[in-house]
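Colleague: I'd like a close look at one part of this model, set in its surroundings. Please pick a stretch that links to the rest of the chain, and take me through it residue by residue.

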Amino acid sequence: MLGIDLLKEFWTIWPSYDQNQKIKTNSFYKIVRHPNYLIVILEFIIFPMIFSAYSTAIIFFILNLIFILLKIVMEEEFLLQKGEQYENYQKTTKKLIPY
């Protein structure tokens, strides 16, 4: 929900290029370039563990992490089409883990 709220009409399931989209660098995007993916990863760890489903947590964490990392690669390819603005943002902001 965070990603949908922050990106509004530019949020999509699959990364895509839209020349009208501005690069977000405010709010959670000051801390990491992909805050929504970070939250999804944490959800896939935390929710199964609440119910002591440790093997489920491990399996879904690994599968989800692979999927998200592939999406990040695709998304960043599109964002690099924005040119120097995104390149500078990459240099100053962590991809997924803030520290």
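**A close look at helix α3**

Modeller: Happy to. The chain has 4 helices and 0 strands, where helices (H or I, at least four residues) and strands (E, at least two) are DSSP runs numbered from the N terminus. The order from the N terminus is α-α-α-α. Please keep in mind that this is a predicted model, in which local features need pLDDT of at least 70 and side-chain atom pairs count only at pLDDT 80 or more, while totals for chains, interfaces and linings use all residues. Residues are numbered from 1 along each chain as its sequence is written, and side-chain values use heavy atoms, with hydrogens and water left out.

Let's settle on α3, which covers residues 54-79. Its 26 residues reach 36 Å from the first C-alpha to the last, close to the 38 Å expected at 1.5 Å a residue; the expected span is 1.5 Å times one less than the number of residues.

Which residues of α3 are buried? They are Ala 57, Asn 64, Ile 68, Lys 71, Ile 72, Glu 76 and Leu 79. Here buried means under 20% relative accessible area, exposed means over 50%, and partly exposed lies in between (1.4 Å probe, protein chains only). A reminder helps when you look at such a list: an α-helix has 3.6 residues a turn, so residues three or four places apart point the same way. The buried residues of α3 pack against α2 and against α4 (84-92).

Now zoom in on Glu 76, which sits in α3 and is buried at a relative accessible area of 7%. Its side chain meets that of Arg 33 in a salt bridge, 2.8 Å from N to O. A salt bridge here is a side-chain nitrogen of Lys or Arg within 4 Å of a carboxyl oxygen of Asp or Glu, and by this rule the count comes to 1. Because Arg 33 lies in the loop between α1 (2-7) and α2 (35-50) while Glu 76 is in α3, the pair ties together parts that are 43 residues apart in sequence. Arg 33 and Glu 76 are both buried. Leaving aside neighbours within four places in sequence, Glu 76 is in contact with Arg 33, His 34, Tyr 86, Gln 90 and Lys 95, with contact meaning heavy atoms within 4.5 Å. In the chain, among contacts between residues at least 6 apart in sequence, 69% join residues at least 24 apart.

Other residues of α3 belong to nonpolar cores. Such a core is a set of buried Ala, Val, Leu, Ile, Met, Phe, Trp, Tyr and Cys residues joined through side-chain atoms within 4.5 Å. The largest one has 6 residues: Tyr 37, Leu 38, Ile 41, Ile 68, Ile 72 and Leu 96. At least two of these come from each of α2 and α3, and α2 gives the largest share, 3 residues. Leu 38, again leaving aside neighbours within four places, contacts Leu 96, Ile 97 and Pro 98. A second, separate core has 5 residues, among them Ile 23, Tyr 29, Leu 79 and Tyr 86.

The partner helix α2 deserves a look too. Its 16 residues reach 22 Å from first C-alpha to last, close to the 22 Å expected at 1.5 Å a residue. The buried residues in α2 are Pro 35, Asn 36, Tyr 37, Leu 38, Ile 41 and Pro 48. By contrast, Ile 50, also in α2, counts as exposed at 51% relative accessibility. Ile 50 joins Leu 42, Ile 46, Phe 47 and Phe 51 in a nonpolar surface patch of about 550 Å². Patches are made of residues with over 30% relative accessible area and no salt bridge; like charges are joined within 9 Å, and nonpolar side chains (Val, Leu, Ile, Met, Phe, Trp, Tyr) within 5 Å. Areas come from the Shrake-Rupley method with a 1.4 Å probe, and for residues only the protein chains shown count as cover.

Finally, consider the link from α2 to α3. Ser 52 lies in the loop between them and has a phi near 60 degrees, a positive value in a residue other than glycine. At 48% relative accessibility, Ser 52 counts as partly exposed.
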